[in-house]
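This note is addressed to a colleague who is meeting the structure for the first time. Please keep the sequence and the coordinates at hand while reading.

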Amino acid sequence: MLVYNRLTVNSGMLEAIEYYAFQGVFFLRLTIHQHFIASFISIVIILQLGACASKQPQVPLPESLARKHLIVDTHIDVPYRLHKLYEDVTIATENGDFDYPRAKAGGLDAVFMSIYIPSSVDALGQPGIDLANTLIDLVEGIAKQAPDKFVVSYCTQDVFAAHSAGKIAMPMGMENGGPMLPSGNLAHFYQRGIRYVTLAHAKSNAISDSSYDENEAWNGLSEAGAAFIQQLNNTGIMVDISHVSDKAFWQVIKLSKTPIIASHSSARHFTAGFQRNMSDAMIKALGEQGGVIQINYGSNFLTQKAQDYGKAVRDYRKQYSADHQLAEDSEALKSAMSLYLADKPYPYASLSDVLDHIDHVVSITGVKHVGLGSDYDGVGDSLPTGLKDVASYPKLIGGLQQRGYNEDEIALILGGNLMRIWQTVEAYALQKGNPPLCKARH
Ligand SMILES: [Zn+2]
């Protein structure tokens, strides 16, 4: 940008002043003929005028904020994706929502790798524990393969160190706490790097009931589940209430001595009756307890339209298979569904919907209790337009700026809130004699 101005002062003492603005820096060139002192006074006046003109707030570019501030995404399903179909995510990949080049372009600094154990596998006992170990091996493998790009991170200091070193930190969360419950397993998985635990997944497990399961085996938490919350607190592992039933949530929030997280949930306000999202009362209580809700990007988490679409598809499928007596995996049912869906495009949510959820949480409980839990690689082809992969955090930042969030607030949403809570959890465990186990000495 080049700005040129010519001012003439009547006295002729100061003939001209030119100023150039280049990237916000002003350069002055003065031409002075006589009466130096009087000219000097005039310059001061004009400089002050110039200063006023330049005080218009400069909005930083979203890309520069993405680079500057710690971006923490608390739920990305890379391990399970690679377990199903391996790809080298240290370079650009054909499939999926995550790989190193895109994460770097998006400014992602810390990605909580989800150690996801399906309820059906958890129910088998040992196979769930084995799968958890396999998925953790896989995360370690990524870091071993590209130590200049990725580092497995075990504590908040590890994450800050990775950020300073320009590497992507990979802490881990276990989605479905079942494998951690047998005696000795909590210590084992803590050693291996699990730093949050999603208590249940799609079904009631040994710890808690699930929001997706009509069979409420425990009316909330099991007895072992209640004791497990205290163990997580004392060890320094964050308690994640995404996926649990409402009753379990209200029990957890009373029991947990440290702030809890919802690692990938959105606001039920926009998706009436969808128990997997959090009600306004739950969000309020979460904020009062010091916790954070990390917004899930899946379209059915964001809009009623996507909810209704999903229900219509499920209803049609159920009806069709009953009417024609077709098995779930039959080719006839598959082709009938393809025909049905052919003229019914999926109603993708948008960036604006994600912003609506953030605004809604902020209106209930303030900006210190909301963050990002995209569920990339976990929600299939249901991501919002504009936020299709890990390269898109700057778009979200631009959206937050347009909604009027300032830089400090944006930094909290991007990762500041989650890191504050994780530090609080570490500090509580330290009081109990359990200092954080880091990768490196800090
Ligand atoms: Zn999930």
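The points below run from the whole chain to single elements and residues.

1. Nature and confidence of the model. The structure is a predicted model. The mean pLDDT of the protein chain is 89, and 87% of its residues reach 70 or more. Residues 1-53 call for caution, for pLDDT stays under 50 across them. The model nevertheless has 48 contacts beyond four places in sequence for this stretch. Where pLDDT is low, the predicted coordinates should not be read in detail.

2. Overall make-up. The protein chain has 17 helices and twelve strands. It comprises 442 residues, of which 43% count as buried. Of the contacts between residues at least 6 apart in sequence, 69% join residues at least 24 apart.

3. Helix α7. This helix covers residues 156-164, and its buried residues are Thr-156, Asp-158, Val-159 and Ala-162. Viewed down the axis of α7, these buried residues fall within an arc of 160°, so they line one face of the helix. Among the elements that cover them are β4 (110-116), β5 (150-152), β6 (168-170) and α17 (407-431). Just after α7 comes Gly-166, with a positive phi of about 75°.

4. Packing of α11 and α15. Two packed helices are described by the angle between their axes and the distance between the axes. Helix α11 (residues 280-288) packs against helix α15 (residues 351-365) at an angle of about 60°, and the axes are 9 Å apart. Their crossing is right-handed. On the side of α11, Asp-280, Ile-283, Lys-284 and Gly-287 take part; they meet Val-361, Ile-364 and Thr-365 of α15. Sorted by class, this contact has three nonpolar, two polar and two charged residues.

5. Val-239 in strand β9. Val-239 belongs to strand β9, which spans residues 238-240. Is Val-239 buried or exposed? It counts as buried, because it has 25 C-beta neighbours inside 10 Å and 20 are enough for that class. Leaving aside residues up to four places away in sequence, Val-239 touches Val-197, Ile-229, Leu-232, Val-252, Ser-256 and Ile-260. Its C-alpha atom is separated by 5.8 Å from that of Tyr-196, although the two residues are 43 apart along the chain.

6. Pro-347 between two helices. Pro-347 lies in the loop between α14 and α15. With 16 other C-beta atoms within 10 Å, Pro-347 is partly exposed. Beyond residues up to four places away in sequence, Pro-347 touches Ser-299, Thr-303, Lys-305, Ala-306 and Tyr-309. Pro-347 and Gln-304 are 43 residues apart in sequence, and their C-alpha atoms are 9.8 Å apart in space.

7. Positive phi outside glycine. Two loop residues deserve a look here. Gln-325 is not a glycine, yet its phi is positive, at about 50°. Gln-325 is found in the loop between α13 (304-323) and α14 (331-342), and it counts as exposed because it has 8 C-beta neighbours inside 10 Å. Asp-377, also not a glycine, has a positive phi of about 65°. The place of Asp-377 is in the loop between β12 (370-372) and α16 (393-402). Asp-377 has 25 C-beta neighbours inside 10 Å and therefore counts as buried.

Notes. Residues are numbered from 1 along each chain as its sequence is written. This is a predicted model: local features need pLDDT of at least 70, side-chain atom pairs count only at pLDDT 80 or more; totals for chains, interfaces and linings use all residues. Axes are lines fitted to C-alpha atoms, for helices over the stretch in contact, and angles run from 0 to 180 degrees between N-to-C directions. Helices (H or I, at least four residues) and strands (E, at least two) are DSSP runs, numbered from the N terminus. A crossing is left-handed if the near helix is turned anticlockwise from the far one by less than a right angle, and right-handed if clockwise. Two residues are in contact if their C-beta atoms, placed from the backbone, lie within 7 Å. Ala, Val, Leu, Ile, Met, Phe, Trp, Tyr, Cys and Pro count as nonpolar, Asp, Glu, Lys and Arg as charged, and the others, Gly among them, as polar. A residue is buried if 20 or more other C-beta atoms lie within 10 Å of its own, exposed if 12 or fewer, and partly exposed in between; C-beta atoms are placed from the backbone. The arc is that of the directions from the helix axis to the C-beta atoms. pLDDT is the predictor's confidence in each residue, from 0 to 100.
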